[in-house]
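Welcome, and thanks for taking a look at this one with us. Below is a short tour, grouped by topic, to read alongside the structure.

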Amino acid sequence: MSLTISPVITEFLKKLAGDKDLEAFIIELIAERLDPPGRVELYLRLHEEYLKIAEELCAKGDLPQAGEKYWGAVTALLNAIAEQRGWEHYSHRDYDVIIGRLYKEIHDKSLLVDFRMAKTLHAIFYHNFMNKEGFEVHREAVLRLIERLRELIRQDVNSSANKMM
């Protein structure tokens with residue numbers, strides 16, 4: 001489904017968004033109106049969408065755009081984890097803090113390394129400095145990170161379910 005927004009509304013959205021990406025701004029507006037479980041669902045669904053698009057773009061060879069979508073897939077999962085745990089998740093700094101907290105919790109160095117690889121994929125969107133082979137190494141690290149973050153989300157859900165029993 002696509003949505004057509006009038007030029008007037010688009011103009012006002014852009015003004016309100018300021019320096020923020022327009023889609024990210026709209027996501028914030030939606031998230032503000034959802035309860036915490038609704039926000040987690042939003043972030044998980046965005047993660048799936050971004051990952052699917054990233055894989056399609058990667059297959060087409062559009063590495064800068066793919067890198068940005070892989071970054072989006074990672075940050076959507078970090079937003080979901082932070083939302084589940086009541087942590088802030090509004091900035092790049094917050095993502096570093098989230099990864100640091102998760103590392104302290106589970107002592108898995110790959111979280112730190114793979115997150116840095118994800119940040120590099122984010123950077124190529126702006127600077128387009130990576131060849132296909134290097135991109136693939138970073139992509140594999142990001143996919144490992146995604147699996148690890150998904151596992152943490154499942155553990156949080158299972159933990160919450162056990163507390164309710």
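Which residues of helix α2 (residues 22-32) are buried? They are Phe25, Ile27 and Ala31. Seen down the axis of α2, these buried residues fall within an arc of 160 degrees, so they line one face of the helix. Please keep in mind that this is a predicted model. The points below start from α2 and move on to the core, the pocket and three individual residues.

**Around helix α2**

- The buried residues of α2 pack against two other helices, α1 (7-17) and α3 (36-60).
- At its N-terminal end, α2 is capped by aspartate 21. A side-chain oxygen of aspartate 21 lies 3.2 Å from the backbone nitrogen of glutamate 23.

**The largest nonpolar core**

- The largest nonpolar core has 41 residues. Those touching the most other members are Tyr70, Val74, Leu78, Leu102, Phe115, Phe135 and Leu149.
- At least two residues of this core come from each of α2, α3, α4, α5, α6 and α7.
- The helix that gives the most to this core is α4, with twelve residues.
- For a view from one of its members, try leucine 102: leaving aside neighbours within four places in sequence, leucine 102 is in contact with Leu78, Ile81, Arg85, Trp87, His107, Leu111, Leu149 and Leu152. Among these partners, Leu78 and Leu149 are also listed with leucine 102 as residues that touch the most other core members.

**The largest pocket**

- If you are thinking about available space, the largest pocket holds about 960 Å³.
- Its lining is made up of 29 residues, and Asp21, Ala24, Ile27, Thr75 and Tyr95 lie nearest the centre.
- Elements that give two or more residues to this lining are α2, α3, α4, α5 and α6.
- The largest share of the lining, nine residues, comes from α4; α4 also gives the most to the largest nonpolar core.
- Two names here have come up already: Asp21 lies among the residues nearest the pocket centre and caps α2, while Ile27 is in that central group and is one of the buried residues of α2.

**Histidine 89**

- You will find histidine 89 in the loop between α4 (63-85) and α5 (92-106).
- Is histidine 89 buried or exposed? With a relative accessible area of 6%, under the 20% cut-off, histidine 89 is buried.
- The side chain of histidine 89 makes polar contacts with two other side chains, those of asparagine 79 at 3.0 Å and glutamate 83 at 2.9 Å.
- Not counting residues up to four places away in sequence, histidine 89 touches Tyr43, Asn79, Ala82, Glu83, Asp94, Tyr95 and Ile98. One of these, Tyr95, is also listed among the residues nearest the centre of the largest pocket.

**Phenylalanine 129**

- Phenylalanine 129 sits in the loop between α6 (109-127) and α7 (132-164).
- With a relative accessible area of 47%, phenylalanine 129 is partly exposed.
- Not counting residues up to four places away in sequence, phenylalanine 129 touches Thr120, Ala123 and Ile124.
- From phenylalanine 129 to threonine 75, the separation is 54 residues in sequence and 22 Å in space, C-alpha to C-alpha.

**Arginine 139**

- Arginine 139 lies in helix α7 and is buried, with a relative accessible area of 15%.
- Leaving aside neighbours within four places in sequence, arginine 139 is in contact with Glu55, Cys58, Tyr70 and Leu121. Of these, Tyr70 is one of the residues that touch the most other members of the largest nonpolar core.

Notes: Residues are numbered from 1 along each chain as its sequence is written. This is a predicted model: local features need pLDDT of at least 70, side-chain atom pairs count only at pLDDT 80 or more; totals for chains, interfaces and linings use all residues. Side-chain values use heavy atoms; hydrogens and water are left out. Helices (H or I, at least four residues) and strands (E, at least two) are DSSP runs, numbered from the N terminus. Buried means under 20% relative accessible area, exposed over 50%, partly exposed in between (1.4 Å probe, protein chains only). A polar contact is a pair of N or O atoms within 3.5 Å; within protein, one must be able to donate a hydrogen and the other to accept it, and residues adjacent in sequence count only if both atoms are side-chain atoms. Contact means heavy atoms within 4.5 Å. The arc is that of the directions from the helix axis to the C-beta atoms. A nonpolar core is a set of buried Ala, Val, Leu, Ile, Met, Phe, Trp, Tyr and Cys residues joined through side-chain atoms within 4.5 Å. On a 1 Å grid over the protein atoms alone, a cavity is a set of points where a 1.4 Å probe fits but cannot get out, and a pocket is an open set with protein on both sides within 12 Å along at least five of seven lines; lining residues have an atom within 4 Å of a point. Grid points are joined across faces, edges and corners, and a volume is the space filled by probe spheres set on the points.
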